[in-house]
Every structure is written in structure tokens, then in C-alpha cells.
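Me: I am new to this structure and would like a close look at a single part. Please keep the sentences short.

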Amino acid sequence: MDKHLQQQLPVAKSVPQRCSEWVFRDVPSDITIEVDGATFSLHKFPLVARSGRIRKLVAEHRDSDISRIELPGLPGGAESFELAAQFCYGVNFEITAANVAQLCCVSDYLEMTEEYSTNNLGSRCEEYLESIVCKNLEMCVEVLQQCENLFPLVGELKIITRCIDAIASKACAEQIASSFSRLEYSSSGRLHMSKHTKCEGDWWLEDLSVLRIDLYQRVIAAMKCRGVRPESIGASLVNYAQKELIKKSSLRNQSTQPKVELASGASSHERLVVETIISLLPVEKFAVPITFLFGLLRSAVMLDCTVACRLDLERRIGSQLEIATLDDLLIPSFRHAGDTLFDVDTVHRILVNFSQQDDSDEDMDDGSLFESDSPSSPSQTALFKVSKLVDNYLAEIAPDANLKLNKFIAVAETLPAHARTIHDGLYRAIDVYLKTHQGLTDADRRKLCKLIDFQKLSQEAGAHAAQNERLPLQSIVQVLYYEQLRLRNALFGSHPDEDPKPMHQSWRISSGALSAAMSPRDNYASLRRENRELKLELARLRMRLNDLEKEHVCMKRNMEKSSSRKFMSSFTRRIGKLNIFAHSYSRGSTSPSKQSHRIESKLTERTDKYTIGTSKSSGLLNASVDKL
């Protein structure tokens with residue numbers, strides 16, 4: 001209130017001097033008008049002839065011969081009344097965009113309408129507003145700026161509504177004209193929009209930045225209804241936020257007023273600006289830079305804006321997270337001192353929004369979902385980019401001593417398993433976390449290392465992991481196992497003719513790693529192909545097993561025949577003892593009988609072993625076929 005009086009004092013002192021220039025000097029004044037502490041010594045006749053309000057006040061006090069009238073709450077104060085009084089006295093002055101709103105309000109307050117005088121001040125202002133102001137965007141903005149101090153009467157007169165509609169219509173028309181100017185014919189004779197020509201239909205962006213936030217909100221809402229491009233609205237929001245949040249904060253830092261008063265008043269204003277801008281953001285993707293969205297999110301967290309505003313920003317960021325950078329994700333934590341250095345919870349919610357958005361984009365019927373063998377879709381490409389971004393973010397926040405294990409794991413597990421084609425970045429982040437948090441238990445370290453698919457490590461990362469003492473023993477064994485498989489596959493890959501079976505095993509392992517890097521749709525199709533090939537291979541093995549069983553039956557028959565031959569040979573030996581030539585015959589026949597006996601015993605043992613082996617292999621084969 002004191003500031004308002006200080007502003008009105010110079011006006012009140014200069015009013016008598018200015019009035020003496022246009023008031024009748026030869027006729028003494030018969031009425032004094034008081035407005036906001038300023039007094040005007042005037043005459044009743046010119047005022048009563050134009051103002052219905054003053055005429056009624058004079059008529060009410062005709063018997064007492066009133067000589068002093070106070071006009072409380074007059075819009076625009078003493079300056080506005082001075083212009084109205086000059087109009088009553090027939091003094092010429094210019095109606096401009098800077099004073100037309102004040103004159104409209106004063107004429108309505110003083111009832112200076114056509115009912116009391118033709119061509120009165122009210123009709124003059126209305127004509128200027130319709131024919132001049134509403135056809136010029138800059139003048140409409142200037143009128144709106146003047147209306148900030150004329151509430152609520154300026155709203156009742158619908159001056160703001162008319163100016164806002166005029167601004168929206170003018171901006172839309174400018175963009176249409178600019179779009180037509182960018183049309184050109186291609187070599188084939190077709191019309192297309194030139195991308196090299198700079199769009200000149202958004203020259204009004206700087207003009208809107210001078211408006212107060214409530215009026216600016218109404219202007220942008222009207223532009224959306226009129227069909228102004230989302231990119232232009234986004235550019236206007238960026239320009240307005242930079243002016244309100246950045247420039248004004250620098251001016252406050254240079255101010256000499258107490259910091260406590262500035263901080264309390266500024267924080268409430270900035271909170272209102274941030275929440276309003278968030279509510280005005282276009283729904284279209286990429287209408288505003290994602291860096292600007294992250295800046296708004298930081299401001300919303302710092303200024304403690306509403307939860308709805310922050311969740312809306314997180315959803316918008318999650319829908320275009322693939323174009324974000326690591327610096328964007330590093331949101332400082334503005335909570336108590338014991339918290340993490342960066343706001344991990346906000347980033348986790350953004351990743352959840354991204355994953356849900358990715359699932360909704362791939363929502364389709366079962367047939368198209370599982371039968372497609374098409375290459376990676378654009379959403380899969382976005383997953384690859386975000387997975388690298390998340391791994392870098394985890395490596396950046398891992399050295400924080402206050403970062404809890406469950407938060408680290410929650411961020412790492414947000415993305416699906418097929419998002420990461422290689423786990424080097426995730427391994428590096430986990431290694432940094434283990435190095436910083438050396439007090440983890442063995443169970444926690446095993447739980448953390450389960451996030452890594454050691455089969456997806458590169459050769460360099462695998463060699464480092466095999467010698468990493470911070471990893472649990474089980475993880476090191478897995479690394480060594482996969483490294484051995486990789487070495488074996490490399491050896492058999494260089495000599496394919498030596499053993500075809502390891503080559504097939506090498507293909508199986510590589511195809512498994514490839515399918516793990518695919519989307520669920522492509523992964524299912526790949527597994528179906530592998531399943532069919534495994535069934536064919538098992539069918540061949542079953543046929544081979546049947547052949548072996550037939551050979552086994554034949555070998556049994558041969559064994560029975562050999563046992564009968566053995567009986568005949570023993571009978572012959574006994575008869576030979578009675579022969580007179582027994583000495584010479586026995587010397588020649590002893591050796592073959594012993595050799596045949598040894599061969600038969602060995603064949604019997606091998607046959608028994610083979611019978612046991614074939615029965616076991618047959619059982620295993622049937623069990624594997626049943627599983628498939």
C-alpha cells in the first residue's frame with residue numbers, strides 16, 4: 001500500500017499544473033473531484049453533459065449544492081480520470097494501444113455512453129479497439145499488458161477476450177500464409193513444402209513473452225483451439241520460460257532487497273509459471289526439446305510443484321527417452337543430506353514410463369506377434385539406445401556411497417532382457433558399484449551379479465571379469481565356462497571339416513545369444529525354428545538307435561552259434577586224446593581253441609555293455625522327445 005501511495009504522489013502533485021492548461025481560466029470552478037488523493041477543480045456543466053455517473057451524483061445533492069465529489073476505485077486512477085475530463089472539456093488527445101483499455105474502463109465507470117451524449121468516449125474507444133487494435137497482433141499484446149492492472153472491470157467488458165481471439169486468429173493466419181510461401185514445385189511437378197526456407201510465421205514469439213502468466217495461458221489455449229502448429233507453441237513456451245525463470249532470477253540476484261523476501265515471493269511465482277507451462281505443453285512428441293523438458297522437471301522438483309505436474313513431465317520424457325543424453329538424466333537430489341547425490345527415483349519412474357510405452361506400441365494380436373520374422377522395429381532401436389544410456393547412468397551413480405542396492409538393481413532391471421545386445425556397460429557399472437560398496441555380503445554380490453549375462457560379454461570384458469576378485473566365485477566360473485566355449489567355437493570354426501558336431505554346437509550357442517538380443521516376438525520365432533531342427537535331429541537319432549538294436553539282435557544270434565561251436569571243439573579235444581597221433585595233433589590245435597575262447601568272452605562282455613548303454617540312451621532319447 002505504501003508503494004502505491006508513493007507512485008500516486010507525483011501524479012497528484014502534477015495534476016493541478018496540468019489541469020490549469022486546459023480548464024477554463026475565466027470561469028471559477030464550482031466542483032472538486034477527488035481521485036486517489038488527487039483533486040481536480042472543474043466545472044459541473046461539461047462533466048454532467050458527458051458523464052451519467054457524475055450527473056446522478058449532482059442530481060442527488062441538488063438541494064445541498066454539492067461542491068465536492070469523491071470517486072473511489074476509479075480504474076486507472078488519476079491519470080485515467082484526467083483523460084476523461086479532457087474529453088468532457090473538448091480537449092483533443094490521441095487514443096492509443098497504451099491507453100485504450102484505461103479509457104474503456106473509465107468510460108464505463110463514469111457511464112460516458114451514447115445515452116448521455118452522442119459520439120461519447122465509450123463509443124470512441126470501442127471503435128478504436130475493433131477497427132485498429134484487433135487487426136494488429138502487437139497492439140493486442142500491448143493492450144493485454146495494460147489490462148493487468150484493470151481487473152475485474154476489464155474482464156467484464158470482454159476486452160481481454162477480444163484481444164486474445166484476435167491474437168490467436170492473427171497467429172494462425174500468419175502461419176498459413178508462411179506455409180503457402182514455402183510451397184514449391186519439385187522436379188516431377190508436384191507441390192511440396194520446402195525444408196530449406198526458414199519459417200517466418202512465428203515472429204510473434206517474442207511479443208507474447210511480456211504478458212503475465214495468467215494472460216499468457218489464455219492466449220496459448222486459444223492458439224491451440226485455432227490450430228497453431230505444436231512446434232510454434234512449444235517454441236513460445238521455451239521462450240517464455242527462459243524469460244520468466246532465467247532472466248528474472250538473474251535480476252533478483254542483483255537486487256538489493258532482503259534475500260528472504262525475494263526468495264519467498266519468487267518461489268511462489270516460479271512455481272506458478274512452471275506448473276502453467278507444463279499444463280500448456282503440446283501432446284505431440286518432439287514439439288519441445290527434451291532438454292527443455294528435463295529443465296522443467298528439475299525446476300518442478302526444486303520448487304516442489306504438484307505431483308501431477310511431475311508425473312506428467314516424467315511421462316512425456318519417457319515417451320522420447322531415446323533422444324536423451326546422460327547429462328539430462330543426472331537430476332540433482334534436493335532432499336535431505338543423507339539422500340543420494342542424484343534423484344534416482346525420478347529416473348526410475350521415467351524408465352518405467354518408457355518400458356510401458358514400448359509395450360503399448362508393440363501391442364498386437366497373437367498371430368502377428370509370434371509369427372513375425374521381421375528385423376528389429378523402431379521401438380527395438382529405441383530400446384538399444386536407452387539400454388546404453390541406462391548403463392552409462394548406472395556407472396555414473398554407482399560411486400555414490402548412499403546409493404542403496406535395491407535402487408541400483410531396480411534401475412538396471414527396468415528394461416527387458418532383450419534390450420541389451422552386449423552387457424559390457426552393465427558389467428562396468430556393477431564393477432564400479434562393487435568397488436565403492438565393499439561391505440556388501442556374498443548374497444548381495446551374487447544378487448547383483450545375476451543381472452549380468454556373462455555370455456553377452458565381449459572378449460575384453462570377459463578377460464577382465466575372469467580376473468576380477470570383486471565378483472563372487474560362481475560368476476567367475478560362469479565367465480570361464482563361456483570363455484572356454486567361445487575358444488572352442490573359434491577353433492572348430494577355423495577347421496570345420498574335423499568335427500561337424502562341435503560346429504553345430506557352436507551354431508546353437510551363437511543362435512541362443514542372438515535370440516536373447518531379439519525382441520520377444522522374434523525370439524519366439526527363432527526358438528520355434530530351433531525346436532523343429534532339434535526334433536528332426538532326434539528323429540534321426542531314433543532311427544539310428546533302431547538300427548543299432550537290430551545289429552544287437554544279430555550279434556546275440558551269432559553268440560548263440562559260437563557257443564554251439566565251442567561245445568563241438570571241446571568234444572573234438574576229448575576224442576583226440578584217444579588218437580594215436582594225439583601228441584602231434586594237440587600241438588597244432590591248442591592255440592586256435594584258446595584264441596577263439598578269448599574272442600568269444602570279449603564279445604560277450606562288449607555285448608552286455610552295449611545292451612546296457614543302448615537301453616540308457618533309448619530312455620534319455622525318449623525323455624527328451626517327450627519334453628520337446
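Which residues of helix 15 are buried?

Reply: A word on the source comes before the details. This is a predicted model.

The buried residues of helix 15 are Cys309, Asp312, Leu313, Glu314, Arg316, Ile317 and Gly318. The helix runs over residues 307-318, which makes 12 residues. At 1.5 Å a residue, helix 15 should span 16 Å. Its end C-alpha atoms are 16 Å apart, so the expected span and the model agree.

Charged residues appear in that buried list, among them Asp312, Glu314 and Arg316. Take Arg316 and Asp312 as a pair. They form a salt bridge, with the closest N and O atoms 3.4 Å apart. Both sit in helix 15, four residues apart, so about one helical turn separates them. The geometry behind this is general. An α-helix has 3.6 residues a turn, so residues three or four places apart point the same way. Arg316 has a relative accessible area of 11%. That is under the 20% cut-off, so Arg316 counts as buried. Asp312, at 19%, is also under 20% and therefore buried.

Now Glu314. Its relative accessibility is 1%, so Glu314 counts as buried. Its salt-bridge partner is Arg349, and here the closest N and O atoms are 3.0 Å apart. Arg349 lies in helix 17 (residues 344-361), while Glu314 lies in helix 15, so the pair ties together parts that are 35 residues apart in sequence. Arg349 is partly exposed, with a relative accessible area of 32%.

Helix 22 (residues 442-449) offers another pair within one helix. Arg445 and Asp442 both lie there, three residues apart, about one turn of the helix. Their side chains meet in a salt bridge at 2.5 Å, N to O. Arg445 is buried, with a relative accessible area of 19%. Asp442 is partly exposed at 43%. Elsewhere, salt bridges that share partners join Glu126, Glu130 and Arg162 into one network. The count for the model comes to 15 salt bridges.

One more feature lies outside helix 15. The second largest pocket has a volume of about 270 Å³. Its lining has 15 residues, and Ala241, Leu245, Ile246, Gly295 and Ser299 lie nearest its centre. Helix 12 (230-253) and helix 14 (290-302) each supply at least two residues of that lining. By type, the lining residues are nine nonpolar, four polar and two charged.

Terms used: Residues are numbered from 1 along each chain as its sequence is written. This is a predicted model: local features need pLDDT of at least 70, side-chain atom pairs count only at pLDDT 80 or more; totals for chains, interfaces and linings use all residues. Side-chain values use heavy atoms; hydrogens and water are left out. The expected span of a helix is 1.5 Å times one less than its number of residues. Buried means under 20% relative accessible area, exposed over 50%, partly exposed in between (1.4 Å probe, protein chains only). On a 1 Å grid over the protein atoms alone, a cavity is a set of points where a 1.4 Å probe fits but cannot get out, and a pocket is an open set with protein on both sides within 12 Å along at least five of seven lines; lining residues have an atom within 4 Å of a point. Grid points are joined across faces, edges and corners, and a volume is the space filled by probe spheres set on the points. A salt bridge is a side-chain nitrogen of Lys or Arg within 4 Å of a carboxyl oxygen of Asp or Glu.
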